[in-house]
Amino acid sequence: MATWIAFLRAINLGPTRKFPMSAVVAATEAAGGTDIATHLATGNVRLSSTKRSAAAVAKALAAAYAADRGFDVPVVVFRASEVAEIARRGRELEDEHQPKGKHYVTLFPEPPSPAAARAIESLDLPGDRCVVAGRAAYALLGGDIHDSKLLRSKEFRALGEGTARTLKVLEAVAQKWAE
């Protein structure tokens, strides 16, 4: 059985997308997951599964979550070792660039296209920078998420639909579950 880490998108936002972690655990069990743990109420889930690919795990989880909640819950899944590598690369980038603001990592179900990655990496926005590696886009911001021109750009949207976490959350998840 492989250990997977799932990142749920757009839960516990407002009154209509509530998904308590106890319900996440129960729905993850319904999807065939075992050895389940959660981190924070933002949808970070560790599980073991007999499924052999991230896509298969994500599909089973998304179906179980939709059945439980009555709304779609996009899910991005990685092997635990991949999450450790994403966090390590994020720390390396933060140490190198020392952003003055937040450092968010957007995780995608599939890697963004090379053209989309080149476009976002070549943007010249004072204080903001984005680096794409595999299924992760590292947004090193000069300010806050709410006033970032990078995150609102058409180039960033062209990367695809993903789910974002701060580097600190990814490092905590990696430390708890992947090392």
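Start with the empty space inside this predicted model: the count comes to one cavity of 30 Å³ or more. The largest cavity has a volume of about 40 Å³. To find it, select Thr28, Ala31, Gly32, Gly33, Leu47, Ser49, Lys51, Val57, Ala60 and Leu61, the residues that line it. Now colour β3 (44–49) and α2 (54–69), the elements that give two or more residues to this lining. Of the elements, α2 gives the most, with three residues. Switch to colouring by residue type and the lining divides into five nonpolar residues, four polar and one charged.

Next stop: Asn44. Select this residue in strand β3. Is Asn44 buried or exposed? Asn44 counts as buried, because its relative accessibility is 0%, and the cut-off for buried is under 20%. Show the side chain and look for its polar partners. One of its polar atoms lies 2.9 Å from the backbone oxygen of His39, and the side chain also makes a polar contact with the side chain of Arg165, at 2.7 Å. Leaving aside residues up to four places away in sequence, pull up what Asn44 touches: Ala6, Phe7, Ala37, Thr38, His39, Arg165, Val169, Val173 and Trp177.

Last, go to helix α7 (residues 167–177) and pick Lys168. With 65% relative accessibility, Lys168 counts as exposed, since the cut-off there is over 50%. Then add Lys102 to the selection and draw a C-alpha to C-alpha distance: Lys168 and Lys102 are 9.8 Å apart in space, though 66 residues apart in sequence.

Note on methods
Residues numbered from 1 in each chain as written. Predicted model: local features only at pLDDT ≥ 70, side-chain atom pairs only at ≥ 80, totals over all residues. Heavy atoms only, no water. 1 Å grid on protein atoms, 1.4 Å probe; cavity = no way out; pocket = protein on both sides within 12 Å on 5 of 7 lines; lining within 4 Å. Points joined across faces, edges and corners; volume = space filled by probe spheres on them. Helix = DSSP H or I, 4+ residues; strand = E, 2+ residues; numbered from the N terminus. Nonpolar A, V, L, I, M, F, W, Y, C, P; charged D, E, K, R; others polar. Buried < 20%, exposed > 50% of the residue type's maximum accessible area, 1.4 Å probe, protein only. Polar contact = N/O pair within 3.5 Å; in protein donor to acceptor, adjacent residues only side chain to side chain. Contact = heavy atoms within 4.5 Å.
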